[in-house]
Amino acid sequence: VSDQKPLGCWSVKHGQIITCPVVCNFETHEYIAVQDDKVLRIWKNKDINLDKVFKATLSADVYRIHSLSNGGPVVLFKGGGIRTLDVLLEAPQQEIENIISDEVIKWSEAFTEGQQPVLIFATEKDGDFFVYVQKLKMNSLHKYKLEQQELSKPLSFTAYIKNQMITLLCLYSNDAVYKVLIPLQQNTEEEEQILSKSLLLNLSVSGSVLKGTSFVVLDKDHIAVLGSLAASGEESKECLTIWNTKFQTLQISKELPLGTSGQLWCYEEKFFFTHGKVLTVIMYKCETSSLAAAVGKLKDSQTPDVSSFVNWNTLGDEELVVSFQSQQSVALKSESKMTLRSKRNAVAKVQPDTVSVGQLLLNLKDAPTTVFEDELRQLMSKAQMPDFQATIGCVITALINRCKTNPKYYPRSFLLQIVQTRDLSYSLCPDLMAVALEKKDVHLLQICLQRFPDIPEEITYACLKVFLSISEAYLQRVDVNLESVICYIDIEFNNKEVKTEIVENGFNAEREQDIWDTKVTKETHLTADGEFCPVGPQKAALLNAVLHSAYSETFLLPHLKNLPAQQAVLFLRYLYYLYVKCSEKINTTLPGIRSPTINQIMDWMCLLLDAHFTVMVMLPEAKQLLSNLHKFVRAQVRFYSELNKIEGSLRELQRLNHQKDPHTYSIEVLELI
């Protein structure tokens, strides 16, 4: 999500419809979809075409599939029948009982309680609402009727199970949340019981009323509600809110001006919802509920120390306190209330109280450089603190913010140390590479390209452009990791490479003419027979880091078209050089650590030619390069074509060798005609 890259996409034919949310089977790592209500589709990541994956047509319409992490998927049919996926696949056309007759299912959820799958669903009929609880292993089904509420009806449901008790929460149209308790252990055989409900929360504060559309439970004292908040006489605004049900208070709200679909999901302390045309992911953390926190009166806080939001891409100094009141509960040696007499005292003399990470970073904002960096190092040394990765991300953000406010400040070695020793990602510190590009810190960019798994294509292109534009003379003065080139580009003795053992894979240089340009610039690194690398070892190592970076062709190609023609030709020369080097080896693998693979080289060559083919054809300096590339590829195609002709003979030899006694020693001469 952070990198905006599609990892997989599958579609049905025109006229077909996916009729319920797709789920993942955690036991088999397969996806399960329902098409046109009755057709099951099951596939894995490697599958491309849905028409060719497993398909099973069922005898009844499916309402929803629920996936349990340790029990396998459970299928709920529109008639109220329930089957596990395994049982259903044994006989897809088995008859499914109709339990709810004229009722319509409005909501369902599945849980695992004591190794037993439990499914709950709510239905409606003529304004009455019913709740069904099904324990699959015991094959027991209980039906309940919700107590009616005058002039209002349920809009949304959610539930959780604790201590053999189901807690069902209902969001009603009268802007209130009600709680219903259902015992999981039910011995009575009574056909239908009335469930009484109790008021949990009124969604109103200071004259404003929240018209909720969906909600989720965060913990025993907090819920999140998505809806429209409106004060009397004012226009309503869509927002995401967090409420404390224990003290009946609104803890925090976030306005969503672009609008939402009305759906809210929560998974592993992250909210997921659509905002405008994008999917928004927001981290949150709930602290232990207390009255002081609920009314925003915690003594060391400027804002309520409860659930709050983090958006790494827009996190600024003014947001650090809000974000990390909830993200960090670590006790740090600092002071928040004393009037400080000097910048050094702001850090050096702080003593007994504890503050959040965000507050500490604000206290350090104007501290001297030495004190600032020492305190950040001390903060990072607390390796056992919770949310450690988030802390490291905020440390880098603090360093980058200081770089922006003070152009002369750039802690190169400190940043390099953090990136090399911590398991970071681009999304955790999005401004880091932008500052490194501005400072032309090629070593830091190289390490980021090697270690960050989620670099956007725009940044990858910016790195490539910088690497190609920097002079070789400048690169010889900076520190660059040469591990990826040291084994195939010799940097010793008069700029000459050590020629490795060559197996030309069918390419005859004399027959195809000399494939290399004889003009060699000062930056060229010659081999014994005239072949050359068009860039120096430092630039080659930097370009190799770009080749290793993950990308999506759809997003990279538009940027690559903006690469200046001369730089595009230079990059293609280097890719061609690597291509020939790979072809010299039988296994088409370059020696060294993090050396480019043949697939990476070929993919980038194709991308570059797609982006610049017209320019390449028009440029005189590229004409010979394209001609040589064509000859080399043609020679390889011819060679592999010849290999294909003798493939049958080679297989026959392999079969004959298997038939012979392996313990018998013999020498045979076989002639291929």
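The following exchange concerns the nonpolar cores and aromatic contacts of a predicted model.

Biologist: What are the ground rules for this predicted model?
Modeller: Residues are numbered from 1 along each chain as its sequence is written, and side-chain values use heavy atoms, with hydrogens and water left out. Local features need pLDDT of at least 70 and side-chain atom pairs count only at pLDDT 80 or more, whereas totals for chains, interfaces and linings use all residues.

Biologist: Which helix gives the most residues to the largest nonpolar core?
Modeller: A nonpolar core is a set of buried Ala, Val, Leu, Ile, Met, Phe, Trp, Tyr and Cys residues joined through side-chain atoms within 4.5 Å, where buried means under 20% relative accessible area, exposed over 50% and partly exposed in between, with a 1.4 Å probe and protein chains only. The largest such core holds 85 residues, and Leu432, Met433, Phe452, Phe467 and Tyr574 touch the most other members. Helices are DSSP runs of H or I with at least four residues, strands are runs of E with at least two, and both are numbered from the N terminus. With 12 residues, the element that gives the most to this core is helix 15 (residues 565-583).

Biologist: Which residues does Met433 touch, beyond those up to four places away in sequence?
Modeller: Contact here means heavy atoms within 4.5 Å. Once residues up to four places away in sequence are left out, the partners of Met433 are Tyr426, Leu445, Cys448, Leu449, Phe452, Ile455, Ile459 and Cys463.

Biologist: Is the pair of Tyr31 and Trp43 stacked, edge-to-face or tilted?
Modeller: Rings of Phe, Tyr and Trp (its six-membered ring) pair if their centres lie within 6.5 Å, and planes under 30 degrees apart count as stacked, over 60 as edge-to-face and the rest as tilted. For Tyr31 and Trp43 the centres are 5.7 Å apart and the planes stand at 45°, which makes the pair tilted.

Biologist: Why does this pair tie together parts that are 12 residues apart in sequence?
Modeller: Tyr31 is partly exposed at 24% relative accessible area, while Trp43 is buried at 5%. The pair ties these parts together because Tyr31 lies in strand 2 (residues 30-35) and Trp43 in strand 3 (residues 39-43).

Biologist: Which helices hold Phe571 and Trp604?
Modeller: The ring centres of Phe571 and Trp604 are 5.8 Å apart with planes at 70°, so the pair is edge-to-face. Phe571 is buried at 0% relative accessible area, and Trp604 is buried at 1%. The pair ties together parts 33 residues apart in sequence, because Phe571 lies in helix 15 and Trp604 in helix 16 (residues 598-618).
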